[in-house]
Amino acid sequence: MKLALTILSIALVAVLLAIAWSEENPEWANYQRVYFDLAQRRAQSSTQADWYRTQRVEIRQISVAPLKRVDRCTTCHLAVADPNFADAPEPLRLHSALLQSHPPERFGCTVCHRGEGRAVTTLTAHGEVPGSSVRMLRGEYVQAACYLCHAEKTLPPAATSEIVAGEIAINQLRCLRCHQIDGMGESEGPDLSAIGSRRDALELDAHLLNPPAMNSGSTMPIFPITRAQAQAITVYLLTQQGDAPPANDVRYRSANFRFSIFDFRLSDRKSKFENRKSDGVLAPIVFFRYDGQQLFWAAGCGVCHRIGNEGGAVGPALTRIGRVRERDWLRRYLSDPSAVRPDGRMPQLYLNDREIDALVEFLLTLR
Amino acid sequence: MGLRENLAQLPRHFADSFFRSAAFTGARRQAALVANTWFLHIHPARMHPYSLRVTFTFGLGVFAFWLFVILSATGILLMFYYIPTTDAAYATMQDLIFVVPFGRLIRNAHRWTAEGMVVVVALHLARVFFTGGYKPPREFNWLVGVGLLLLTLALSFTGYLLPWDQLAYWAITVGTSIAAYFPLFGDLLRALLLGGETVTEQTLIRFYVLHVVLLPFLLALLIGYHFWRIRKDGGLARPRALPTTENVLSYPRVLQIELAILLALLIVFLPLAYRFDAPLGAPADATHPPNPAKAPWYFVGVQELVSYSAVWGGVVAPVLLFIALLFLPYLDRDPRGVGAWFAPERKGMVAAGSVILLALVAVTIIGALLRGPNWAFYWPWEGWPGPK
Ligand code: HEM
């Protein structure tokens with residue numbers, strides 16, 4: 001008995017040590033080290049380099065009090081306001097000029113991008129884990145957020161191209177003969193006035209491309225739309241948040257909120273890095289390793305494809321794709337599906353080479 | 001005696017003053033050790049080897065006890081961060097998971113041990129039932145046990161709301177509306193629990209106070225009483241024919257077994273808690289009910305019954321079951337077959353108990369796993385229609 005107790009105690013200590021060990025080196029600390037290291041080398045002056053050198057590796061957060069949000073995105077996205085990083089890979093790239101009118105220390109990130117502001121691991125922060133209700137808006141999809149704050153139709157069309165295109169498509173396809181939006185239209189299908197608070201971008205895309213797959217027995221017609229049209233319609237639908245935003249979310253449209261945002265003085269933010277040109281080529285950053293399986297769910301493949309029991313049914317099941325397809329074919333297909341199958345319905349997902357490699361290697365293991 | 005002498009003897013004197021057993025030697029010392037120490041005296045000084053066999057109790061009662069201890073420890077750690085307001089509750093849960101050092105581990109451990117405790121307590125009840133452990137003179141301890149079961153369920157249920165996510169909000173909404181099916185006092189009970197008509201901040205603070213103050217206090221008290229009764233009732237039930245002379249001393253044997261169970265529990269639960277995250281849904285949202293909305297799994301059986309008939313399933317069946325549990329030891333007093341698993345002399349009881357147990361497991365599985373939107377039936381391989 002004594003021996004058993006000793007063994008058990010040692011095992012317990014081992015378990016505790018193992019757990020403590022694996023909590024040791026979080027992903028974000030890596031990005032910060034790389035960033036400060038590169039930033040010192042790329043610094044324009046020795047004072048600047050010193051400033052970087054004295055920065056600590058720690059969780060960074062922006063507290064947006066009027067919106068009751070805490071965003072920790074800048075824990076990894078450290079360079080959003082650093083012009084020396086205009087050509088760096090994510091997550092260390094300079095943000096587009098939009099942040100000059102929406103400075104991060106006042107707005108945070110999730111007002112525009114959604115995502116899980118408090119999280120500090122990539123997939124969770126991006127809301128790209130299965131079951132997340134705050135899937136991040138990437139690329140063009142971000143436009144869906146602009147009219148939460150700006151009065152409708154006040155932004156330049158260039159900044160809201162997708163919304164404009166989406167609205168045109170919805171009128172052309174006469175969606176309102178079955179759906180209502182803000183009290184207009186018929187009610188054969190569900191009311192879409194608050195659809196943006198119920199569905200995320202990938203679900204909407206998938207539904208538009210093939211309604212029965214998202215909802216078997218759906219009577220909504222399959223429209224002959226292109227991928228680009230579907231995206232535009234989706235962005236437009238995402239702007240439809242209804243009059244009642246989720247109870248515990250910000251009341252974006254309340255007078256109170258507008259007041260507090262406009263109360264911000266934006267002028268004090270002439271960043272110390274402003275007007276500095278970036279020079280030369282950046283050392284390649286190789287610390288971000290793509291994991292094909294994670295990426296499969298993160299990039300939204302799972303919304304349309306099924307592996308085993310998990311996933312959607314818009315596209316074919318990929319449970320045994322590794323037996324059917326070769327590496328080269330998959331690589332060509334994922335980089336541009338329409339080049340391989342001109343009238344296929346698989347969207348172009350604009351993946352980069354490393355993402356494609358990771359995905360292909362993962363798909364090949366499915367046998 | 002000089003200071004030096006006293007210093008040299010300090011460890012021994014301290015041990016004597018703590019264990020209060022210096023006057024004895026040998027076996028009597030070991031017995032005194034248990035009898036004279038507050039922490040240990042709750043054990044019987046001697047136990048019958050029959051009761052110590054793993055396959056007799058499976059250590060389930062001790063498991064339940066340690067789970068409660070682990071829950072209290074992790075619960076106190078969680079309390080350092082958790083803020084019970086509708087604005088902050090969900091955010092503090094996220095902070096615990098995302099940035100508090102080891103916060104995720106502690107939360108997972110708390111959640112999984114809580115679910116584990118419901119299972120273990122139910123299994124312990126089943127073991128006592130199937131070994132006839134509730135027969136005289138242990139009738140009252142069985143009633144105490146029923147109280148422990150109810151408290152365990154209540155603790156689990158009140159804890160369920162605290163993360164303030166969609167799962168929590170709607171599970172409590174469904175759970176409390178089942179309570180409202182009771183005639184006469186159902187609505188009152190629900191209003192008392194919720195502090196209003198629906199789940200609000202009032203409910204959160206009520207559940208919080210119940211969960212961290214009142215219920216754990218009652219549970220600890222009752223567990224102490226339960227253990228004391230075991231000692232006073234002459235240890236665990238066992239067949240009459242066994243001689244008592246073979247009794248072994250509790251110290252150190254029983255204590256070692258208990259310690260081993262704790263260590264084994266931690267070794268199993270910690271890696272599990274590290275690897276598997278406890279669920280946290282979207283923030284609670286009163287305007288978007290999920291479909292289906294399910295009660296916590298240990299009440300989903302009742303929800304399933306309610307879907308057949310609100311009165312029969314929601315009131316009659318649970319009340320009958322509860323009455324049966326309460327009166328069982330006073331109605332079934334036949335001393336034959338006590339202390340043996342599935343004793344042939346108790347064929348009827350064993351059969352009845354097994355049928356009820358299996359039926360409970362069956363409705364729970366159907367309700368928890370096979371019910372989709374609008375409580376329609378789906379096989380697991382069918383999947384539900386529509387985006388989940
Ligand atoms: C918090 C929950 C509980 C704890 C910590 C607990 C703990 C224990 C322990 C440590 C024992 C010694 C034997 C063994 O390990 O099996 C025991 C025996 C017993 N328990 Fe429990 N118990 C709990 C709940 C219950 C419940 C729900 C019932 C039944 C309704 C019950 C009825 C009994 C009875 C009658 C005995 C004596 C059995 C015999 O003599 O064979 N207990 N309990």
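I began with a cut-off: a residue is buried under 20% relative accessible area, exposed over 50%, and partly exposed in between. The model I consulted is a predicted one.

**Entry 1: B:F19.** I looked up the accessibility of B:F19 and found 30%, so this residue counts as partly exposed. I located B:F19 in helix α1 of chain B, which comprises residues 3–19. I then asked which residues make up the nonpolar surface patch of about 960 Å². I noted B:F19 there, together with B:L3, B:L7, B:L10, B:F14, B:F18, B:W38 and B:F39.

**Entry 2: chain B as a whole.** I recorded 15 helices and two strands for chain B. For its C-alpha trace I noted a span of about 80 × 60 × 40 Å along the principal axes. Of the 388 residues in the chain, 45% count as buried. I also looked up the accessible surface, which comes to about 19,800 Å², with 72% of it belonging to carbon and sulfur atoms. Taking the contacts in chain B with a separation of 6 or more, I found that 77% are between residues 24 or more positions apart. On charge, I noted 29 positive and 20 negative charges, whose mean positions lie 12 Å apart.

**Entry 3: B:M79 and B:V212.** I placed B:M79 in helix α5 of chain B, residues 60–79. Is B:M79 buried, partly exposed or exposed? I found a relative accessibility of 37%; because this value falls between the two cut-offs, B:M79 counts as partly exposed. Setting aside neighbours within four places in sequence, I listed B:Y208 and B:V212 as the residues in contact with B:M79. I checked the second of these further: B:M79 and B:V212 are 133 residues apart along the chain, yet their C-alpha atoms are separated by 8.5 Å.

**Entry 4: B:D165.** I found B:D165 in the loop of chain B between α8 (139–161) and α9 (166–179). I noted that B:D165 is buried but has no salt bridge. Which side chain of opposite charge is nearest to B:D165? I identified B:R107, at 5.6 Å; a salt bridge requires a side-chain nitrogen within 4 Å of a carboxyl oxygen, so this pair does not qualify. I then looked up the surroundings of B:D165, leaving aside neighbours within four places in sequence. The contacts I recorded are B:Y90 and a run formed by B:P279, B:L280, B:G281, B:A282, B:P283 and B:A284.

How values were computed:
Residues are numbered from 1 along each chain as its sequence is written. Chains are lettered from A and ligands numbered from 1 in the order in which they are written. This is a predicted model: local features need pLDDT of at least 70, side-chain atom pairs count only at pLDDT 80 or more; totals for chains, interfaces and linings use all residues. Side-chain values use heavy atoms; hydrogens and water are left out. Helices (H or I, at least four residues) and strands (E, at least two) are DSSP runs, numbered from the N terminus. Buried means under 20% relative accessible area, exposed over 50%, partly exposed in between (1.4 Å probe, protein chains only). Contact means heavy atoms within 4.5 Å. Accessible areas come from the Shrake-Rupley method with a 1.4 Å probe; for residues, only the protein chains shown count as cover. Lys and Arg count as positive and Asp and Glu as negative; His and the chain ends are not counted. The place of a charge is taken as NZ of Lys, CZ of Arg, CG of Asp or CD of Glu. Patches are made of residues with over 30% relative accessible area and no salt bridge: like charges are joined within 9 Å, nonpolar side chains (Val, Leu, Ile, Met, Phe, Trp, Tyr) within 5 Å.
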